Amino acid sequence: MTRPTYYITTPIYYPSNRLHIGHAYTTVAADAVARFKRLQGCDVWFLTGTDEHGRKIEERAAQEGKTPREFVDPVVAGIKELWQLLHIRYDDFIRTTEERHVRVVQELFTRVHQSGDIYAGEYEGWYCVGCETYFTDTQAKDMDGHCREHDRPLERLRERAYFFRLSKYAGRLLRHIEDHPGFIRPESRRNEVLALIRGGLEDLCVSRTSFSWGIPVPFDPQHVIYVWFDALSNYLSGCGYLQDETRYGKYWPADLHLTGKEIVRFHAVIWPAILMAAGLALPKCVFGHGWLVLEGGKMSKTLGNVVDPVVLVGKYGLDAVRYFLLREVPFGADGIYHEEALIARSNADLANDLGNLVHRTLAMIKRFQHGIVAAPVRPEAIDDQFREAVLATPAAVEQAVDGLELSNALGAIGRLVSASNKYIDTTAPWAHFRDGNEGRLATIFYHLCEALRVVAVLLTPFLVETPGKIWQCLGLAGHPGEQGWESLTVWGFTRPGSRVQEGPPLFPRIETSRPAEGGPPPKIHVEPATVEIDDFRRLDLRIGTIVEAQAMPGAARLLRLVVDVGAARRQVVAGIAGEYEPGELAGRQVVVVVNLKPVKLRGVESQGMILTAGDGDRLRLLVPDGPVKEGSPVS
RNA sequence: GGCGGCGUAGCUCAGGUGGUCAGAGCAUACGGUUCAUACCCGUAGUGUCGCUGGUUCGAGUCCAGCCGCCGCUACCA
C-alpha cells in the first residue's frame, strides 16, 4: 500500500536583507501543515529556499564590493539558521543559483520557446543613456525629446527581449480557476485573480539585458531570464524535475503553494500559464495568507520597525512564538501583531490552561496515587462523556487543518484542554482521595492521562518542545510525533502501572510589570534598520529658494515649484498643495534633494524633492534656521 | 481620485442564501474550589451590530447616500 503524498512549498525568499517575522509566519505555517500531514502518515515533501538572482542583489553586492555570490552566501546561511532556530523541518532547500535549478530553468525556457510561446520581441522606446531607462511616447513628447537631467536628447532605441505569450492562456486559466474552486484560496483572493484575468492579460517580458546576475537564456546568452521563469520554477527543480524522475513523479503536482497574499497573482496566473505552456500539471492549490501587521502601521524594512523572530524566541521561547503565530490570527486574514498579544496568548492559553492542566494532573497523581497511573474501573457517565470529547478532537483538528484554518485547529485542541480542566473540577479527585475511593481516582486519572496523551500528539505539528515534554511527564516511551494518527482514534494507549514524572511548569507565566490600568502598551522590540554613513552621503541635499509656485491643474495635492538651488533652477513637483498656498511660498528657503531621479507627475517633470515633516495631520516644510546661500549642502 | 475591503460588547474578533444572530475568547465583577503556575470551574453583564434613509410583516444580515478606517493604485519624489 502506498502512502498518499503531500508536496507543500513556501515562497523562496529574497536574500537581500534579513528575514523578519512575516517570513517566519509563512514558513512556520507551512511547517505546521507539513508536520500535520506527516502525522497523518503522508509521504511529505516540504520545500523552501531562496531566490538569489536579480538586479537588486547585484547592486547590493556591488555596494559592498562583493560578487553577488559572496554577498548572498552568508545571508542564505543566516536564513537557514533562522529555520533551524524555529525548528522548520523542510525536506529540501532550493537555491536558484544551484546547478540543478539552473538546468531546469533553461530547459523550461527552451521548451516553451520551442513550442512557440516564448518569442523574441522588441522593446522599443525613447531611451536616455544617462537614466538607463526607457520613456514612453507620451513621456518623451512631454520632455520634448530631451532629458533635462542628463542634458541629452532621447534616443529612439530598440532592444530585443523575450516575451511569454501569457495572453494566450487567459481563457484556459479562467476555465481552470472556475472548474477548480479550491485552486486559489481563500475565496477573496480567488475573486481578485478572476477579476485580474477578466481584465485581460498581456504578454510578459521574461528576459532582461539591463543586468547580468541571472540565468542566461540558453540560446541567446546576452539575455538573462527574468524572475518569473527563474523563481517560480523552483517548485519543479525542488522536487526532482529533470534530475530525479521518481521523486518528481511522486510529488508533482504540488498540493499546496503557500504564499503571502501579495504574490498570489504570480502563483495563480503566471505560474500556471508557464506550466500549461510546458505541458506540465498544475499545482492543486495556491493559498495566499494575510499579513501580520504591526500595530500602527505596516512592517517595513525601510521604517526599521521589523520584528526580529530571533529576539522574540529568545525572550519568550520557541513554542510561545510558534503558538502565537499560528493561533492569534485566522489564517488567510490580516492580523495585528503586538507583543502584548503574544504575552496574553502565552499566559492565558499556554500557562494557565495547558501548562497548569499538566501540572495539576501530575501533582495529583503523585500525591493521591504515588505517581502511578492505575487501571480504570467502571467509568461513569461523566467519564464516558469526557472520553468522547477526547476522541472527537482529532477529527476537529483535521478538518481545520484541511481547510488551512490553523488557528481553529489550535482552538479545537484548546477546547479539549478546557474540557479537561472542567473534568477535574466536576469529578473533584481530592474529594475521592479523602474518601479513600481509589477506584474512582484511578478512573479519573486514567482518563486525564489519555486526554493529555492525545493533546500531546495533536500538538506536535504546531509546537516543537512541549509535546515531548508532556509525553515524558506521562511516562510514555518514544516521542508523540512518532505515534501515528491511528493512536488518536483509539482509547487506552496509556498502560496502567506506568509512572508519571513531574517536571517544572511547561510555560511559566510571563509577568508584565506594566501599570495597573490604562498604561501604555509595552514597547515593541524592534531592530532598527541601520544605514552606513555612506548611504546617507549618497543623497545630495541642498538649500534652495523657491522662486515660483503654481497650482497644477487637475492635481489637488500638487504644486509646481521652481527652486533656485545655486547652480541652476529646478522644477519640482511637491505634494503640499493642501498645506500651502502657492502665493505664500515664493522666496522661502527649503531643503531639496537634488540628485533624485526625475519623474513625471501629472505630466510635469519633477527634478527633485522638497523635504517636509508630517505627523499625519499636518505637513510642514523643513527650512534652514536663517538665510543660507542657495546651493549650500545639507549634512 | 479610482478599485477593493472593513466599521458588531473595554480589547481581538465569529456571525452561508434576511425571522432564538445579538455571540466567542481575553479583560472586569461576584461566587465556588483548593489538586494546581494568585491557577481552575461557574455566574453576571454592558452592546442604538458606524450614521441616515429605503425595501420588507420582519435587517448586523439586502439597497442607496454619508462618515471613518485599511489595502492596492494614481498626482504622496
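## Working through chain A

The largest nonpolar core in this predicted model has 139 residues, and I413 and V455 have the most contacts inside it. The exercises below start from there.

**Exercise 1. Which helix gives the largest share of this core, and which residues does I413 touch?**

Solution. Start with the helix: α18, residues 438-459, supplies 15 residues of the core, the largest share. Next, take I413 and skip anything up to four places away in sequence; what's left is T393, V397, V455, L458 and L459. V455 turns up again here: it touches I413 and is, with I413, one of the two residues with the most contacts inside the core. To finish, look for a second, separate core: there is one of 19 residues, with L541, I546, V565 and V592 among them.

**Exercise 2. How do helices α1 and α13 pack: what is the angle, and how far apart are their axes?**

Solution. Find α1 at residues 21-39 and α13 at residues 318-328. Their axes sit 10 Å apart, at an angle of about 90°. Angles of 65 to 115 degrees count as roughly perpendicular, so α1 is roughly perpendicular to α13. Now for who does the touching: α1 brings A24, Y25, V28, A29 and A32, while α13 brings R322, L325 and L326. Sort these by type and you get 7 nonpolar, no polar and 1 charged. Arg counts as charged, so the charged one is R322 of α13.

**Exercise 3. In what order do the strands β11, β12 and β13 lie in their sheet, and which helix packs on the sheet?**

Solution. The order is β11-β13-β12, in an open sheet with antiparallel pairing. The edges are β11 (207-208) and β12 (215-217), each of which pairs on one side only. Then zoom in on β12 and β13 (residues 220-225): they run antiparallel and are joined by 3 bridges. One place to check this by eye is P216, whose bridge partner in β13 is V224. Last comes the helix: α4, residues 99-114, packs on the sheet and touches β12 and β13. The direction of α4 makes about 20° with that of β12. Angles under 35 degrees count as roughly parallel, so α4 is roughly parallel to β12.

**Exercise 4. How many helices and strands does chain A have, and what percentage of its residues count as buried?**

Solution. Count the elements first: 20 helices and 26 strands. Burial comes next: 40% of the 635 residues count as buried. For a last step, take the contacts with a separation of 6 or more; residues 24 or more positions apart account for 72% of them.

Conventions
Residues are numbered from 1 along each chain as its sequence is written. Chains are lettered from A and ligands numbered from 1 in the order in which they are written. This is a predicted model: local features need pLDDT of at least 70, side-chain atom pairs count only at pLDDT 80 or more; totals for chains, interfaces and linings use all residues. Axes are lines fitted to C-alpha atoms, for helices over the stretch in contact, and angles run from 0 to 180 degrees between N-to-C directions. Helices (H or I, at least four residues) and strands (E, at least two) are DSSP runs, numbered from the N terminus. Angles under 35 degrees count as roughly parallel, over 145 as roughly antiparallel, 65 to 115 as roughly perpendicular and the rest as oblique. Two residues are in contact if their C-beta atoms, placed from the backbone, lie within 7 Å. Two strands pair if DSSP finds at least two bridges between them. A nonpolar core is a set of buried Ala, Val, Leu, Ile, Met, Phe, Trp, Tyr and Cys residues joined through C-beta atoms within 7 Å. A residue is buried if 20 or more other C-beta atoms lie within 10 Å of its own, exposed if 12 or fewer, and partly exposed in between; C-beta atoms are placed from the backbone.
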